Amino acid sequence: FWPVRAAIVSKEGWEYVYRGEEVEWDATNPNPVSAPDDQFAVLLAKIGKNLILRMRKEDTKARVDADSLKGEMALKIGLQTVRGMFGEDISVKLANGVGLPVRMSMLDAMVGMIIHPVEQIIMPDYIIIWMALFKNGEYLNDIAKRFKGDYAIFPFEGNKCGHLTFPDKNLFDLDLAETTSWVSSANLPVSLQKEYEGKRFLIEARPGVQQLNMIVTGIRALDPVFESVAATKRIFLSWLFVSIILVIFLAKNVSAEIIEPVKRLTKGMQEMTSENFSYRIDLSRSDELGDLCNSFDSMAKGLEEKFVMGKMLSQNAMESTLRDVSSRKEDVVVFYVGSPGFESWLNLSSPGELFADLQKQISEISRIILDQGGDIDKIIGDKILAVFRGDMNHASIMACKAAMKIMNAEQRGILPFPAAAGINNGTVIAGSLGVGNKKDFTVIGDAVNVAARIENLAETMRYHRMLISEEVYNRLNADVRAREYGSVELKGKSATLRVFQLELL
């Protein structure tokens, strides 16, 4: 091998340092130290001087001066640096290991050193320190050889002791030397992509943190990475598609659970608008929608009850209640109808049968009156008090037509009981009578009493028991036929009253 560093220190105090190049010898210079700018070479000289002084036991006799103090400080600093870089063992061998070989694994080379006393170990005249470069890249090559991972390591380096070398010439095609030179020049990391033979590669180069002269350059083929990303993307999209299907399926089921009650509620509102208050959702659920449906059914039930109760009130009663009118005068046609001999039926039928027949009688007569434009004022047992409003001529005609239809229904056997009616017109007082919430809307007046008296007279007749007053008769037209029954005395009346009997056309 050829030494790359060497230092010779004599007992006379002079020293000489060699750093791998020829230096002309100057005999007149008692201390020809070569390459004073080479700090490592100077360190070797300081180590040699320290050793020869200690080996000759002359360190206590040495004069303490500025140069000696400077040398001691340089030695301590140098050994401290060696200790930090290579460990305590190397530092101790350099400072004390005379004749022991020292192996230093540098980042860019493997270095061997030996300290040799001349001519003898005890009281030597000279200390010679040799430093040789054994093999370029030994440290990184050892790492590359021992690495067993799934990628390759190719060490290369360029330094003062060797040359830039590559183990694989194909790496030049990726311009690694250029990339590394950028890092060396700028002392900054470099990341770039290159394409070689149709394949993409990622190149990453980083400078050392503690060892600035060390640069690590890595190469990675990108195609496997992209293929892995594409495969992951396909898997992700597949799972995303499956997730969307599941979400749609779950959303459909959940929406069905929500939409069905909403649809029933919508249908219910439409039925309420059409006055079909008997409609019920009838949905059994324990959540908020179930409570809402139950509340709707309760509301519909209440509306149905009010609607049924409203049928029992006359139109005039409801209008008066809404207008909050206590009483008023008006001209009406009074229609009073009853069932002759109804009291005799009380002992001939059971209460259930009698009530069912009476309900049929009342319902049929009421329907006829309502169809002709009349208004049921009240029902008292088998008696019905109805009024016809509006133009008196028209109201009289419609009242008589209602009576004729009742006669027709009786003849056809639709009515369970016979029917008799008294029709009169005049001025009445309409209003609510009662106490507190117990009030009833009715009409009172002489016209009502006369109609009731005429109905009592009609009950005594054998057939066509429909009598009208002269006031009503005078308002009829050809559509209604009646003949004079005669002048009669009515209870509570001093004068006689002409009445007329309606006939079927």
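Colleague: What makes E7 and strand E8 (residues 215–221) a pair, and in which sense do they run?

Modeller: This is a predicted model, to be clear from the start. Two strands pair if DSSP finds at least two bridges between them. E7 and E8 have seven bridges, in the antiparallel sense, so they count as paired. Within that ladder, isoleucine 203 stands opposite isoleucine 219 in E8.

Colleague: And what does isoleucine 203 face in E6?

Modeller: Leucine 192 is its bridge partner there. Strand E6 (residues 190–196) and strand E7 (residues 199–207) are joined by seven bridges and are antiparallel.

Colleague: What makes E6 and E7 a hairpin, and which turn residue has a positive phi?

Modeller: The two antiparallel strands have two residues between them. In that turn, glutamate 197 has a positive phi of about 55 degrees.

Colleague: Where do E1 and E2 come in, and how many bridges join them?

Modeller: Four bridges join strand E1 (residues 3–10) to E2, and the strands run antiparallel. Alanine 6 stands opposite tyrosine 18 in E2. E1 and E2 also form a hairpin, this one with four residues between the strands, and glycine 13 in the turn has a positive phi of about 105 degrees.

Colleague: How do you know which faces of strand E2 (residues 15–18) are covered?

Modeller: Buried means under 20% relative accessible area. Glu15 and Val17 on one side are buried, as are Tyr16 and Tyr18 on the other, so both faces of E2 are covered.

Colleague: Why is H1 called oblique to H3?

Modeller: Helix H1 (residues 39–55) and helix H3 (residues 88–96) pack at about 55 degrees, with axes 8 Å apart. Roughly parallel needs an angle under 35 degrees, and roughly perpendicular covers 65 to 115. The angle fits neither, which makes H1 oblique to H3.

Colleague: Which residues make that contact?

Modeller: Ile47, Leu51 and Arg54 come from H1, and Leu94, Ala95 and Asn96 from H3. They divide into four nonpolar, one polar and one charged.

Colleague: Which residues touch the most other members of the largest nonpolar core?

Modeller: Phe335, Phe388, Ile423, Ile468 and Leu502, out of 39 residues. Elements that each supply at least two residues include strand E9 (327–338) and helix H10 (351–371), but the largest share, twelve residues, comes from H11.

Colleague: What does phenylalanine 335 contact, leaving aside its neighbours within four places in sequence?

Modeller: Among them are Ile369, Phe388, Ala399, Ile406 and Ile423. There is also a second, separate core of 27 residues, including Val9, Leu43, Ile90 and Ile115.

Note on methods:
Residues numbered from 1 in each chain as written. Predicted model: local features only at pLDDT ≥ 70, side-chain atom pairs only at ≥ 80, totals over all residues. Heavy atoms only, no water. Axes fitted to C-alpha atoms, helices over the stretch in contact; angles between N-to-C directions. Parallel < 35°, antiparallel > 145°, perpendicular 65-115°, else oblique. Contact = heavy atoms within 4.5 Å. Nonpolar A, V, L, I, M, F, W, Y, C, P; charged D, E, K, R; others polar. Core = buried A, V, L, I, M, F, W, Y, C linked by side-chain atoms within 4.5 Å. Buried < 20%, exposed > 50% of the residue type's maximum accessible area, 1.4 Å probe, protein only.
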